[in-house]
Amino acid sequence: HYETSLIDAVNLGMSGEGTAEMASNMEAEHLSIINLPTDIIDMALTMIINETPNIEVLSNKESASAQKKQSNTERMLVGAYYINTQVQGLDPIADSAMNQLLYGWGILRALWDIDRETELDDNDGFIADWMFPIVIQSLSPYDVYPIPGGRFERWRAVIYMCFRTKEEIEDEWGVELERPRDENGNEIESYDDELMEYTDYWCWKGKKIYNCVLANGKYIKEPVEMEEYDSLPYEIFFCREGPDKSGENIGLSFLYTVLEPIREMELLSNRELRAIEMYADPPLVTVKHPDSPSVDVQTGPGSRIELDQGESASYLQWQGNPPDVRAAKDFWAKLAQQFSFPDILSGSVGGTSGLDTIALQQGGMAKVFTPRRNLEMALERLNTKIIRMFQKRRPDGTLRIRGTRLEADEDHTFAFDLKGKDTKGFEYTKVTIRAKFPQEELRNAAIAQGLVASDL
């Protein structure tokens with residue numbers, strides 16, 4: 001039960017399946033599952049993604065036309081994330097941030113889908129969101145294998161490997177995969193629904209980017225130079241850098257320091273519950289004379305026990321001082337809070353005053369500084385890749401952009417057409433993620449009120 005690997009323990013803690021998956025050495029023993037990991041990850045993610053990242057395009061031009069292009073480029077990036085969120089039904093930024101905190105690293109990928117671009121160009125009527133050719137995806141760290149040692153960026157190559165059905169691969173690539181044959185040479189018809197290994201390989205070769213795709217060990221896309229890409233389409237960012245250059249510990253989870261105290265708390269809770277169950281219906285000890293017949297004791301309400309002089313009957317009791325389980329649990333609970341977020345952050349306990357409580361809560365923000373900053377830098381790099389793809393693929397072609405953007409503390413919707421050449425000179429961005437508490441406006445109002453009341 002307590003020899004589970006870090007990743008398995010994280011998965012079980014988040015899914016709530018610990019009781020079923022972590023087998024106990026004692027049959028039918030009640031196992032305590034303390035779902036602190038779920039609460040910690042939810043709180044950290046809410047603090048980071050509670051507000052939409054602000055994207056500011058960098059420019060050294062101050063003319064009115066340059067400022068308009070700068071604003072349109074910013075809206076194009078915001079719209080690209082917005083449209084992908086609508087198409088996929090999830091926010092790729094929030095999903096990758098969840099992976100970053102939970103597994104130690106998150107992955108974002110930006111691709112140009114030529115099939116969607118073809119549908120966009122052939123359509124002269126309604127333009128559906130799925131025709132938007134810039135595809136931004138969040139990928140699971142379980143499926144991505146980065147190879148370090150790159151000359152122009154950190155990774156020399158990135159391998160995306162997963163399992164997909166034959167029908168799914170054929171629909172995406174427009175190919176017909178060869179069915180395997182049985183020992184008699186007949187095609188295996190049921191193979192359509194079985195999973196096969198799918199590998200998407202991107203790498204640097206000299207100063208150029210190459211890509212190939214394999215299904216079941218055979219090429220469905222031969223190695224080809226990807227001229228529209230200046231770098232690998234992946235952005236890999238960490239919660240905490242791990243000790244290894246590759247492998248499972250390349251990044252450490254936000255829960256890395258928390259899991260052991262939680263395991264100890266679960267162990268102590270199990271033992272405490274075991275003692276409670278044992279003494280909820282303890283054995284009855286009777287002391288009788290040697291020549292007295294045995295007695296069948298009924299312990300139900302209203303029952304009586306017939307005893308002679310000198311005989312006794314009593315429940316089994318703990319002899320000596322019981323172990324201080326609660327003190328041990330408090331010790332591990334405090335360690336878990338120290339490694340994650342203190343109780344005062346959730347409002348379950350307070351300081352000496354409202355202003356004091358708010359000041360103490362601000363210290364919890366330091367816990368999310370590194371993962372927040374790593375996510376900001378990853379988005380800055382990804383934005384440059386998106387702009388460069390747009391410039392190379394559609395310099396004179398337009399894209400229909402729509403979305404919602406925070407301007408002057410208010411949400412503004414927009415929809416417009418933009419050409420790739422109109423983003424030239426605005427390739428770099430500054431991304432700001434303002435980690436904040438939920439209902440922070442009320443907190444700020446309370447701070448101001450407290451300062452006014454104290455004449456500060």
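The questions below concern pockets, aromatic pairs, charges over rings and single residues in a predicted model.

Q: What makes Phe152 and Trp204 an aromatic pair, and why is the pair called tilted?
A: The ring centres of Phe152 and Trp204 are 5.1 Å apart, and rings pair if their centres lie within 6.5 Å. The planes stand at 45°; under 30 degrees would count as stacked and over 60 as edge-to-face, so the pair is tilted. It belongs to a set of five aromatic pairs in the structure.

Q: Which parts of the chain does the pair of Phe152 and Trp204 tie together?
A: Phe152 lies in the loop between β4 (144-148) and β5 (155-165), and Trp204 lies in strand β6 (residues 195-205), so the pair links parts that are 52 residues apart in sequence.

Q: Why is Trp204 called buried, and why is Phe152 called partly exposed?
A: Trp204 has a relative accessible area of 16%, and buried means under 20%, so Trp204 is buried. Phe152 stands at 41%; partly exposed runs between 20% and 50%, so Phe152 falls in that class.

Q: Why is the pair of Phe414 and Phe416 called tilted?
A: Their centres are 6.1 Å apart, and the limit for a pair is 6.5 Å. The angle between the planes is 50°, which is neither under 30 degrees nor over 60, so this pair counts as tilted. Both Phe414 and Phe416 are buried.

Q: How do you know that Arg164 lies over the face of Tyr198?
A: Arg164 is 4.6 Å from the ring centre of Tyr198. The test asks for CZ of Arg within 6 Å of the centre and within 35 degrees of the ring normal, and Arg164 is placed over the face.

Q: What makes Lys205 a charge over the ring of Tyr210?
A: The charged end of Lys205 sits 5.6 Å from the centre of the Tyr210 ring, and the cut-off for NZ of Lys is 6 Å.

Q: Why is Gly106 called buried, and what is it in contact with?
A: The relative accessible area of Gly106 is 0%, and the limit for buried is under 20%, so Gly106 is buried. Gly106 lies in strand β2 (residues 105-112). Leaving aside neighbours within four places in sequence, Gly106 is in contact with Ser96, Asn99, Gln100, Glu235, Ile236 and Phe237. The C-alpha atoms of Gly106 and Leu139 are separated by 7.4 Å, with their positions 33 residues apart along the chain.

Q: What makes the phi of Asn216 worth noting?
A: Most residues other than glycine have a negative phi. Asn216 has a positive phi, near 55°. Asn216 is found in the loop between β7 (208-215) and β8 (218-225). Its relative accessibility is 42%, between the limits of 20% and 50%, so Asn216 counts as partly exposed.

Q: What lines the largest pocket?
A: The largest pocket has a volume of about 990 Å³. Of its 37 lining residues, the closest to the centre are Arg109, Leu111, Asp113, Glu172 and Trp173. Strand β3 (residues 134-139) gives the most, with five residues. By class, the lining has 18 nonpolar, six polar and 13 charged residues.

Q: Which element gives the most to the lining of the second largest pocket?
A: Helix α4 does, with four residues. This pocket holds about 600 Å³ of space. Among its 19 lining residues, Glu51, Thr52, Pro53, Val78 and Thr404 are the closest to its centre.

Conventions: Residues are numbered from 1 along each chain as its sequence is written. This is a predicted model: local features need pLDDT of at least 70, side-chain atom pairs count only at pLDDT 80 or more; totals for chains, interfaces and linings use all residues. Side-chain values use heavy atoms; hydrogens and water are left out. On a 1 Å grid over the protein atoms alone, a cavity is a set of points where a 1.4 Å probe fits but cannot get out, and a pocket is an open set with protein on both sides within 12 Å along at least five of seven lines; lining residues have an atom within 4 Å of a point. Grid points are joined across faces, edges and corners, and a volume is the space filled by probe spheres set on the points. Helices (H or I, at least four residues) and strands (E, at least two) are DSSP runs, numbered from the N terminus. Ala, Val, Leu, Ile, Met, Phe, Trp, Tyr, Cys and Pro count as nonpolar, Asp, Glu, Lys and Arg as charged, and the others, Gly among them, as polar. Rings of Phe, Tyr and Trp (its six-membered ring) pair if their centres lie within 6.5 Å; planes under 30 degrees apart count as stacked, over 60 as edge-to-face and the rest as tilted. Buried means under 20% relative accessible area, exposed over 50%, partly exposed in between (1.4 Å probe, protein chains only). Contact means heavy atoms within 4.5 Å.
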